[in-house]
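Colleague: Could you take me through one part of this model up close? I'd like to hear about the aromatic pairs and the core they sit alongside in your account.

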Amino acid sequence: MLPISADKVAEVIILARELDRAENEFDGFVDRLNEDEQAGLVALFWIGRGTFDPEDLAEAIRTAMAEATTPTARYLKGSPHLADHLASGLEALGIDSSAVEDELYRPV
């Protein structure tokens, strides 16, 4: 089970797409995630880029926890395709990332 909600992942995706203007928001949002959520985010990123298969989610999370030596926000910003990898990771787990993102933008 993914230890971070799809809504939080969608927020990271949205901020990642706007890193030029929203880097401080991105850093603050990711830094406020707890350790499990950060590991889940990294695992999802790895699944999205093909480092792990979706059925290996638990192993990816354990690896992310064990190998966390760099702040998560800095690590993730090192990928020019961060938003795409996170969206692909959600899709690989059967979650429609565009629907979740649209939900965040829905007017009240």
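**Aromatic pairs and the core**

Modeller: Going by the ring-pairing rule, there are 2 aromatic pairs here, and keep in mind that this is a predicted model. Take Phe 45 and Tyr 75 to begin with: their planes sit at 85 degrees, over the 60 needed, with ring centres 6.1 Å apart, so we call the pair edge-to-face. That pair ties together distant parts of the chain, since Phe 45 belongs to helix α3 and Tyr 75 to helix α5, 30 residues apart. The two partners also differ in burial: Phe 45 is buried, with a relative accessible area of 2%, whereas Tyr 75 comes out at 31% and counts as partly exposed. The other pair is Trp 46 with Phe 52, where the centres are 5.7 Å apart and the planes make 25 degrees, under the 30 cut-off, so this one is stacked. Both Trp 46 and Phe 52 are buried.

Now for the core. The largest nonpolar core holds 33 residues, and Val 9, Phe 26, Leu 41 and Leu 86 have the most contacts inside it. Two or more residues come from each of α1 (6-17), α2 (19-32), α3 (35-49), α4 (57-66), α5 (72-77) and α6 (82-92). The top contributor is α3, with 8 residues. Leu 86 is a good place to zoom in: leaving aside residues up to four places away in sequence, Leu 86 touches Val 9, Val 12 and Ile 13, along with Leu 41, Leu 44 and Phe 45. That brings us back to Phe 45, which is in contact with Leu 86 and is also the buried partner in the edge-to-face pair with Tyr 75.

Notes:
Residues numbered from 1 in each chain as written. Predicted model: local features only at pLDDT ≥ 70, side-chain atom pairs only at ≥ 80, totals over all residues. Heavy atoms only, no water. Core = buried A, V, L, I, M, F, W, Y, C linked by side-chain atoms within 4.5 Å. Buried < 20%, exposed > 50% of the residue type's maximum accessible area, 1.4 Å probe, protein only. Helix = DSSP H or I, 4+ residues; strand = E, 2+ residues; numbered from the N terminus. Contact = heavy atoms within 4.5 Å. Phe/Tyr/Trp six-rings, centres within 6.5 Å; stacked < 30°, edge-to-face > 60°.
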